[in-house]
Amino acid sequence: MTDKKINRTLAGTLIRSGDKTTFEASLSSEHPFDRGYYTEILDHGIDAVDMERAKDGLPLLLDHDGKNVIGRVSGIHINSRKLRGTIRFGKSVLAKEVSEDVQAEIRKEISIGYSILETESDNQEDDVVRVTKWLPHEISIVGVPADHTVGIGRSKTFNK
């Protein structure tokens, strides 16, 4: 457990929402993430993600820099064991530049900043830690992905 904010980087494929300023995205998943000295798995069960900060949306940053707010992520929810939401870009020059790169499918990578509240060790592997309770703080557009299973455009679900 840590009070320190940490990040997890993700990637995906663009899905336009029609108005070219909003985009559907997967924000995080249970894909194992190598932290160097252990492998982390973020649990996405209904009680695992503390949605207190996310209920009114989260800030969209560039490269986890709190001085570079480029938009907002709203409608944050869990679906198919992924955290998902709608990205809306702001009107600043920087936000418009990043939005244009997203539209051109140049920038597709997302990283989530979060705090770990509770963990448990995986019984089968000593070096695997399951984060059973965590709190998202912000979403960032970044340059280098780590989790290829989520990102901009990865939130589309299909009804059967």
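User: Two strands pair if DSSP finds at least two bridges between them. Which residue in S7 stands opposite Ser 26?
Analyst: This structure is a predicted model. In it, S2 and S7 run antiparallel and are joined by six bridges, so the pair meets the requirement of at least two. Within this pairing, the residue of S7 that stands opposite Ser 26 is Arg 84.

User: How many helices and strands make up the secondary structure of the protein chain?
Analyst: Read from the N terminus, the elements follow the order β-β-β-β-β-β-β-α-β-β. Each α in that order is a helix and each β a strand, and the total comes to one helix and nine strands.

User: What percentage of the residues of the protein chain count as buried?
Analyst: A residue is buried when its relative accessible area is under 20%. The chain has 160 residues, and the share of them that counts as buried is 45%.

User: What part of the exposed area of the protein chain do carbon and sulfur atoms supply?
Analyst: The chain exposes about 8,500 Å². The part of this area that comes from carbon and sulfur atoms is 47%.

User: Is Ser 28 buried or exposed?
Analyst: Ser 28 belongs to strand S2, which covers residues 22-28. Its relative accessibility is 0%. The limit for a covered residue is under 20%, so Ser 28 counts as buried.

User: Which side chain does the side chain of Ser 28 join in a polar contact of 2.7 Å?
Analyst: A polar contact requires N or O atoms within 3.5 Å. The distance of 2.7 Å satisfies this limit, and the partner of Ser 28 is His 44.

User: How far apart in space are Ser 28 and Arg 81, C-alpha to C-alpha?
Analyst: Along the sequence, 53 residues separate Ser 28 from Arg 81. Ser 28 is in strand S2, whereas Arg 81 is in the loop between S6 and S7. In space, their C-alpha atoms are separated by 8.9 Å.

User: How many residues of strand S7 are buried?
Analyst: Strand S7 spans residues 82-89, eight residues in total. The strand is mostly covered, and the number of its residues that are buried is six.

User: Over how many bridges do S6 and S7 pair?
Analyst: Strand S6 comprises residues 65-79 and pairs with S7 in the antiparallel sense. One position of this pairing sets Ile 78 opposite Leu 83. The two strands form a hairpin with two residues between them, and the number of bridges over which they pair is seven.

User: What is the phi of Ser 80?
Analyst: Ser 80 is in the loop between S6 and S7 and is exposed, at a relative accessible area of 55%. Arg 81, in that loop too, is partly exposed at 42% and has a positive phi of about 60° although it is not a glycine. For Ser 80, also a residue other than glycine, phi is positive and near 55°.

User: Which side chain of opposite charge is nearest to Arg 84?
Analyst: Arg 84, in strand S7, is buried yet has no salt bridge. Its side chain does reach the backbone oxygen of Asn 79 at 2.9 Å. A salt bridge needs a distance within 4 Å, so 8.1 Å does not qualify for the nearest side chain of opposite charge, Glu 24.

User: With which residue does Arg 130 form a salt bridge whose closest N and O atoms are 3.5 Å apart?
Analyst: The structure holds six salt bridges. The one in question joins Arg 130 and Asp 43; Arg 130 lies in strand S9 and Asp 43 in the loop between S4 and S5, so the pair ties together parts 87 residues apart in sequence. Arg 130 is partly exposed at 24%, while its partner is buried at 14%. That partner is Asp 43.

User: Which residues do salt bridges that share partners join into one network?
Analyst: Not every salt bridge is in the list asked for; one, at 3.3 Å from N to O, is between Arg 107 and Asp 101. The network formed through shared partners consists of Glu 30, Asp 43, Arg 81 and Arg 130.

Notes:
Residues are numbered from 1 along each chain as its sequence is written. This is a predicted model: local features need pLDDT of at least 70, side-chain atom pairs count only at pLDDT 80 or more; totals for chains, interfaces and linings use all residues. Side-chain values use heavy atoms; hydrogens and water are left out. Helices (H or I, at least four residues) and strands (E, at least two) are DSSP runs, numbered from the N terminus. Buried means under 20% relative accessible area, exposed over 50%, partly exposed in between (1.4 Å probe, protein chains only). A polar contact is a pair of N or O atoms within 3.5 Å; within protein, one must be able to donate a hydrogen and the other to accept it, and residues adjacent in sequence count only if both atoms are side-chain atoms. Accessible areas come from the Shrake-Rupley method with a 1.4 Å probe; for residues, only the protein chains shown count as cover. Lys and Arg count as positive and Asp and Glu as negative; His and the chain ends are not counted.
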